[in-house]
Amino acid sequence: MSTQTTAPTGSPSVGRKDYLEVRDIRVVFDGFVAVDGVDLTLLQGQVHFLIGPNGAGKTTVVDALTGLVKATGTAHYGDADLLSLPSHKIVRAGVGRTFQTATVFEELTVEQNLDIAGGVHRPARRLLRRRRFVSPRVREALAVVGLTHLADRQAGTLSHGQKQWLEIGMLLVQDAQVMLLDEPVAGMSADERVATGELLQRIGTERTVIVIEHDMDFVRAYADVVTVMSAGKVLAHGTVDEIRADPEVQRVYLGHTPETTAPGGVA
Ligand SMILES: Nc1ncnc2c1ncn2[C@@H]1O[C@H](COP(=O)(O)OP(=O)(O)OP(=O)(O)O)[C@@H](O)[C@H]1O
């Protein structure tokens, strides 16, 4: 298990797509500093968790990396600095995200949702054309997220967990190599959590997966590496055991070790 915090040495970061290097990212809302000089090195092949108390700035970091809020600093991925790109170009660069509330098209089937998500790489005129076959990419995504048997089901009828898996499937068909997932297991049943953790591990072997999470049992079970944020800054970074042993982390969690904290309070 690696807790590397710097980019791999020996080759320049430009052009490399096996890690995302965030340096000195800063987001200010009307004078309020929500993210205050955050550095992150997110390596391919690891499931990376971002935890921290409510309001720590976790979602704002993800919003900045996906073009939803303006930020200063840099976020190098391949040839691109994500902070200088509009959202649609960030998607095309291979970076995708999910939201706390699933954003699937409820009236369409699971397969149609996946097909539309794959459209980010298809010309508009072909997007409008009705497809008579299931593309291999959609078929593979259905299998990876375990929704093959529900391909023809209307997305609005899926369970909360199944919608989250559909969203992850949509990132797969977009060929997102960096996936930023905002509290994917919130509201899931115990079985769905296990299935989701295993899914993250499967897809994380070949991608860079970053998960914002409050559920410490889930973090402990599936994290390769954890970054703790507090008040807009990175407080600690390491394995789950290293994080739990960190006195600063314990202090921020109001005198508790993170795993004793009630869900919905501090992560
Ligand atoms: N659009 C905005 N305008 C003003 N303030 C904002 C905006 N978005 C977030 N904030 C503030 O920035 C801070 C960080 O919020 P953020 O949602 O990133 O925290 P978080 O760590 O994701 O919290 P949670 O775990 O509760 O989702 C909070 O104080 C929040 O109120």
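This report describes a predicted model of a protein chain with a ligand, going from the whole chain to its sheets, its helices and the surroundings of the ligand.

## The chain as a whole

The protein chain contains ten helices and ten strands, and of its 267 residues, 44% are buried. When contacts between residues at least 6 apart in sequence are considered, 66% of them join residues at least 24 apart.

The largest nonpolar core has 75 residues, and those with the most contacts inside it are Leu-166, Val-211 and Val-226. Helix α6 gives the largest share of this core, namely seven residues. In soluble globular proteins, nonpolar side chains tend to be buried together. As an example from this core, Val-211 is in contact with Val-47, Phe-49, Leu-50, Leu-181, Pro-184 and Leu-200, if its neighbours within four places in sequence are left aside.

## The six-stranded sheet

Six strands form an open sheet whose order is β6-β7-β8-β3-β9-β10, and the pairing within it is mixed. Strands β6 (95–98) and β10 (233–238) stand at the edges with a single partner strand each, so one side of each has no neighbour in the sheet. From one strand to the next, the twist averages 20°.

At one end of the order, β6 and β7 (residues 178–182) pair in the parallel sense over four bridges, and Thr-98 stands opposite Leu-181 in β7. Helix α1 packs on this sheet, where it touches β3 (47–51), β6, β7, β8 (208–212) and β9 (225–230), and its direction makes about 145° with that of β7.

## Strand β9 and its partners

How many of the residues of β9 are buried? The answer is six of its six residues, so that the strand is mostly covered, a residue being counted as buried if 20 or more other C-beta atoms lie within 10 Å of its own. Both faces of β9 are covered, with Val-225, Thr-227 and Met-229 buried on one side and Val-226, Val-228 and Ser-230 buried on the other.

Strand β9 has a parallel pairing with β3, made over four bridges, in which Val-225 is the bridge partner of His-48. With β10, by contrast, β9 runs antiparallel, and five bridges join the two strands; here Ser-230 stands opposite Lys-233 in β10. Strands β9 and β10 form a hairpin with two residues between them, and Ala-231 in the turn has a positive phi of about 45°.

## The four-stranded sheet

A further open sheet is formed by four strands in the order β2-β1-β4-β5, with antiparallel pairing. Its edge strands are β2 and β5, each of which pairs on one side only. Nine bridges join β1 (residues 19–29) to β2, and these two strands run antiparallel; in this pair, Ile-25 has Val-38 of β2 as its bridge partner. Helix α1 also lies across β1, β2 and β4 (72–77), running at about 70° to β2.

Strand β5 (residues 80–81) includes Asp-81. Is Asp-81 buried, exposed or partly exposed? It is partly exposed, because 15 other C-beta atoms lie within 10 Å, a count that falls between the 12 or fewer of an exposed residue and the 20 or more of a buried one. Leaving aside neighbours within four places in sequence, Asp-81 is in contact with Thr-74, Ala-75 and His-76. Asp-81 is also 16 residues from Leu-65 in sequence, while the two are 9.4 Å apart in space from C-alpha to C-alpha.

## A mostly covered helix

Helix α3 (residues 110–117) is mostly covered, with six of its eight residues buried. These buried residues are Val-110, Glu-111, Asn-113, Leu-114, Asp-115 and Ala-117, and what covers them includes α5 (136–145) and α6 (160–173).

## Around the ligand

Which residues surround the ligand? They are Phe-29, Phe-32, Ala-34, Gly-52, Asn-54, Gly-55, Ala-56, Gly-57, Lys-58, Thr-59 and Thr-60. Two elements, β2 (32–43) and α1 (58–65), give two or more residues to this shell, and the largest share, three residues, comes from α1. Sorted by class, the shell has four nonpolar, six polar and one charged residues.

Helix α1 thus links several parts of this description, since α1 packs on the six-stranded sheet, lies across β1, β2 and β4, and gives three residues to the shell around the ligand.

Methods. Residues are numbered from 1 along each chain as its sequence is written. This is a predicted model: local features need pLDDT of at least 70, side-chain atom pairs count only at pLDDT 80 or more; totals for chains, interfaces and linings use all residues. A residue is near a molecule or strand if its C-beta atom, placed from the backbone, lies within 6 Å of it. Ala, Val, Leu, Ile, Met, Phe, Trp, Tyr, Cys and Pro count as nonpolar, Asp, Glu, Lys and Arg as charged, and the others, Gly among them, as polar. Two strands pair if DSSP finds at least two bridges between them. Axes are lines fitted to C-alpha atoms, for helices over the stretch in contact, and angles run from 0 to 180 degrees between N-to-C directions. Two residues are in contact if their C-beta atoms, placed from the backbone, lie within 7 Å. A nonpolar core is a set of buried Ala, Val, Leu, Ile, Met, Phe, Trp, Tyr and Cys residues joined through C-beta atoms within 7 Å.
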